[in-house]
Amino acid sequence: MGWAHPAVAMEEVLRLVRGFVDVLVLAGGRTSSGAAATWSAEEVKKALRWALFFEEIFKDLRDSGQYEDSARELDAALLELTSSPGFPKGLAVVRSEMLSMARVLVVRHFLKAKTVSVENLGALLEAVVEIDIDGICANGVHNACQEYAESILNMNLPCFAQTMNARVGGLPTSSDELHAESTGHSRIIVKEFQKTLDSALCACLAERGLETLLNSVKRNSLENSINKPSIPAIPKTSRMIDEFLMWKQWRAKCLSYLLDERIIRVLAGASLIFKAPKEQWMKIFEPLKGLAEPCHSGLVETMELCLLGSITGRWNTLIERFISHTFCFIPISKMYADLHQCLHRTSQEKFQDEHLNLEEKDILDYARQSIESKPSLLWLLPPVLTAAAIPPWSSLFQIYLAQIDKQFHDTTSADRKCKCRGDEIDQHSNCEITERIQCLYAFHIQQLHLMVPR
């Protein structure tokens with residue numbers, strides 16, 4: 001049957017849609033010239049009344065049983081209209097279903113402006129409140145403001161969402177739901193605020209939580225540690241006290257990296273990148289690896305992304321176990337010997353394929369191939385990351401441990417990574433070399449199971 005509204009022709013609706021789209025563009029915060037748009041409460045009211053006009057048209061069609069045929073014909077015309085080159089691309093999806101809830105569309109565009117000024121937001125709230133109070137007054141309510149305030153306080157948003165969905169589908173609504181429509185504009189804006197705040201608050205609370213945890217780690221003084229039963233008693237000898245203080249500094253430095261906001265964001269990006277097939281993510285990294293020679297910053301960034309990408313699946317467990325890491329007085333030479341024994345044992349057992357899934361093996365293989373000709377660049381990566389991400393049964397672990405070996409045997413003074421005097425391992429203390437050995441020992445000797453996915 002096609003378009004069947006008795007009072008408004010479809011051509012008139014299409015003409016009004018063009019003007020309505022212009023309103024939505026301005027509501028989004030920009031004029032056609034790109035300048036910031038401003039609006040008053042009266043202009044917001046006009047936009048909402050315009051939206052209500054579209055809603056009434058579709059309500060009439062539903063009441064007459066002509067909605068489906070009319071919507072199909074209008075959508076075909078809207079498809080042609082929105083496909084024209086001059087039509088705003090962000091609104092090219094406008095169809096009859098969206099026009100049936102046009103007020104929601106208007107409010108969303110007013111709220112989504114990236115730089116909403118206080119004046120513009122105030123105008124939106126003023127218009128919404130005045131329209132709803134006027135509607136309550138029209139129903140003969142004696143104390144409109146009190147009735148309005150009570151309706152907002154008692155707002156049932158799930159019920160309101162059900163009401164709006166019922167209206168779009170042409171289903172009957174109860175008297176209570178119809179009563180709620182007298183404050184419909186306010187309910188729309190509260191619902192949209194709630195949705196916006198939900199996502200914003202999640203990100204904000206996550207960042208605040210990480211910041212709080214990080215600050216707690218930094219403030220974890222020696223005196224506070226004495227009173228915590230989970231922390232061992234302070235050693236009595238002066239050497240052990242020095243070792244304990246250095247351990248606390250090392251632990252705080254490692255956690256500062258693991259809980260850093262930038263690292264959390266990079267970790268999320270790495271998780272997305274490595275969900276793609278290997279051929280695709282390799283194409284992303286290859287141009288990056290050749291940038292910024294001779295400092296190789298592109299290759300270092302690639303390595304950091306690869307190592308983070310290989311441990312995304314066990315990141316939370318990794319942090320939990322590292323936070324619970326306790327002090328133990330073990331000479332650095334003993335740690336180093338145990339790491340070589342671990343390397344020797346895993347190379348003999350040949351069980352590397354058993355513990356890594358295909359994605360992790362691909363990532364680590366690519367990292368090894370990338371760094372093989374420039375193994376010294378491993379020193380530019382954070383010690384806690386290399387220790388956590390490189391398993392002892394990988395060839396990358398052999399390359400890394402060989403780089404540490406060179407510091408005691410073959411490295412010239414210009415290539416030394418610390419200022420400690422002497423070539424014996426016990427002559428090194430609180431330097432980058434001991435920090436890397438301690439990280440490797442913590443992950444692969446004390447807590448070897450961290451490297452095995454659950």
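This section describes the fold, cores, cavity, pocket and cysteines of a predicted model.

The protein is helical. It contains 22 helices and zero strands. Of its 454 residues, 44% count as buried. Contacts between residues at least 6 apart in sequence were also examined. Among these, 76% join residues at least 24 apart.

In soluble globular proteins, nonpolar side chains tend to be buried together. In this model the largest nonpolar core has 66 residues. Leu 258, Ile 404 and Ile 437 have the most contacts inside this core. Another core lies apart from the largest one and has 47 residues. Val 8, Ala 51, Leu 91 and Phe 110 are among the residues of this other core. Leu 258 falls within helix H12, which spans residues 238-258. Beyond four places in sequence, Leu 258 touches Ile 264, Trp 315, Leu 318, Ile 319, Phe 322 and Val 384.

Three further buried residues illustrate contacts across the sequence. Leu 396 lies in helix H21, residues 395-409. Its relative accessible area is 1%, so Leu 396 is buried. With residues up to four places away set aside, Leu 396 touches Leu 307, Leu 364, Ala 367, Arg 368, Ile 371 and Ile 390. Leu 396 and Glu 372 are 24 residues apart in sequence, and their C-alpha atoms are 8.4 Å apart.

Leu 381 sits in a loop. This loop runs between helix H19 (358-371) and helix H20 (383-389). Leu 381 counts as buried because its relative accessibility is 2%, under the 20% limit. Outside its neighbours within four places in sequence, Leu 381 is in contact with Val 300, Met 303, Glu 304, Leu 307, Thr 386 and Arg 436. One of these partners, Met 303, is 78 residues away in sequence. The C-alpha atoms of Leu 381 and Met 303 are 8.0 Å apart. Leu 307 appears among the contacts of Leu 381 and also among those of Leu 396.

Phe 274 also has a loop position, between helix H13 (261-273) and helix H14 (278-289). Phe 274 is buried, with a relative accessible area of 2%. Its contacts, leaving aside neighbours within four places in sequence, are Trp 281, Phe 285, Leu 305, Cys 306, Gly 309, Glu 359 and Ile 363. Phe 274 and Asp 362 are 88 residues apart in sequence. In space, C-alpha to C-alpha, Phe 274 and Asp 362 are 9.8 Å apart.

Internal space was searched next. The whole structure holds one cavity of 30 Å³ or more. The volume of the largest cavity is about 50 Å³. Its lining consists of Trp 247, Trp 250, His 325, Phe 327, Cys 328, Met 335, Gln 438, Tyr 441, Ala 442 and Gln 446. Helix H12 (238-258) and helix H22 (432-446) are the elements that give two or more residues to this lining. H22 gives the most, with four residues. By type, the cavity lining divides into seven nonpolar, three polar and no charged residues.

The largest pocket holds about 450 Å³ of space. It is lined by 23 residues. Glu 243, Met 246, Asn 430, Thr 434 and Gln 438 are the closest of these to the pocket centre. The elements that give two or more residues to the pocket lining are H12, helix H17 (332-349) and H22. H12 provides the largest share, seven residues. The pocket lining divides into 11 nonpolar, six polar and six charged residues. Charged residues are therefore present in the pocket lining, whereas the cavity lining has none. Gln 438 is listed in the lining of the largest cavity and among the residues closest to the centre of the largest pocket.

The cysteines were then examined. The count comes to zero disulfides. A disulfide is a covalent bond between the sulfur atoms of two cysteines. The cysteine sulfur closest to that of Cys 254 belongs to Cys 439, at 3.7 Å. This distance is too far for a bond, because a disulfide requires sulfur atoms within 2.5 Å. Cys 254 counts as buried, at 2% relative accessibility. Cys 431 is buried as well, with a relative accessible area of 11%.

How values were computed. Residues are numbered from 1 along each chain as its sequence is written. This is a predicted model: local features need pLDDT of at least 70, side-chain atom pairs count only at pLDDT 80 or more; totals for chains, interfaces and linings use all residues. Side-chain values use heavy atoms; hydrogens and water are left out. On a 1 Å grid over the protein atoms alone, a cavity is a set of points where a 1.4 Å probe fits but cannot get out, and a pocket is an open set with protein on both sides within 12 Å along at least five of seven lines; lining residues have an atom within 4 Å of a point. Grid points are joined across faces, edges and corners, and a volume is the space filled by probe spheres set on the points. A nonpolar core is a set of buried Ala, Val, Leu, Ile, Met, Phe, Trp, Tyr and Cys residues joined through side-chain atoms within 4.5 Å. Buried means under 20% relative accessible area, exposed over 50%, partly exposed in between (1.4 Å probe, protein chains only). Contact means heavy atoms within 4.5 Å.
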